[in-house]
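Colleague: Could you take me slowly through one part of this model, going from strand to strand and explaining what pairs with what?

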Amino acid sequence: NGEKADMVGLVPADAVMSERPQGRGYIVLKPETAFPWPGDLGQMDAIPAHEFHYSKLENMEKDQAFAYDVKRGQCINGRDGYMANNLIAGYAHMRSTARAPWAPAFAQFVRDKKNKV
């Protein structure tokens, strides 16, 4: 309704809410080279996922790091998983399955980080 409010400032963009969905349905992701816990996912060209959101991000600089290239879907201007420090922020959500086993790779990533501390 034209209202503006400050967010925490972690994602360098303006989140704009819409009355209609900005992304909805099945999507296909491909990990970027910067993806922090590739495991078996790093070798995949097509990771099935889903998105459903009423917001979109605007005024984001183009040289930001992202975890995924979006082959099908909207997400954040054709990419998803904005990366900053230990944050990956995105619209995509996926199940960890035999076809896309992200959870074991993520758990190993966390164990590796913990062991370095």
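Modeller: Bearing in mind that this is a predicted model, we can begin inside the sheet, where strand 2 (residues 23-31) and strand 5 (residues 66-72) pair in the antiparallel sense over four bridges. Within that pairing, K30 has D69 of strand 5 as its bridge partner, and D69 also stands opposite R79 in strand 6. Strand 5 and strand 6 run antiparallel and are joined by three bridges; together they form a hairpin with six residues between them, and G73 in the turn has a positive phi of about 125°.

Strand 6 (residues 79-84) is largely enclosed by the rest of the structure, because five of its six residues are buried, and buried here means under 20% relative accessible area. On to strand 7: three bridges join it to strand 6, again in an antiparallel arrangement, with Y82 standing opposite A89 in strand 7. The hairpin formed by strand 6 and strand 7 has two residues between the strands, and N85 in the turn has a positive phi of about 55°.

Taken together, these strands belong to an open sheet of five strands in the order 3-2-5-6-7, with antiparallel pairing. Its edges are strand 3 (47-53) and strand 7 (87-89), each of which pairs on one side only, and the twist from one strand to the next averages 30°.

At the edge formed by strand 3 we find F52, which counts as partly exposed because its relative accessibility is 42%. Together with M17 and Y54, F52 makes a nonpolar surface patch of about 320 Å².

Notes. Residues numbered from 1 in each chain as written. Predicted model: local features only at pLDDT ≥ 70, side-chain atom pairs only at ≥ 80, totals over all residues. Heavy atoms only, no water. Pairing = 2+ DSSP bridges. Axes fitted to C-alpha atoms, helices over the stretch in contact; angles between N-to-C directions. Patch = residues over 30% accessible without salt bridge, like charges linked within 9 Å, V, L, I, M, F, W, Y side chains within 5 Å. Areas by Shrake-Rupley, 256 points an atom, 1.4 Å probe, with all protein chains shown as cover. Salt bridge = Lys/Arg side-chain N within 4 Å of Asp/Glu carboxyl O. Buried < 20%, exposed > 50% of the residue type's maximum accessible area, 1.4 Å probe, protein only.
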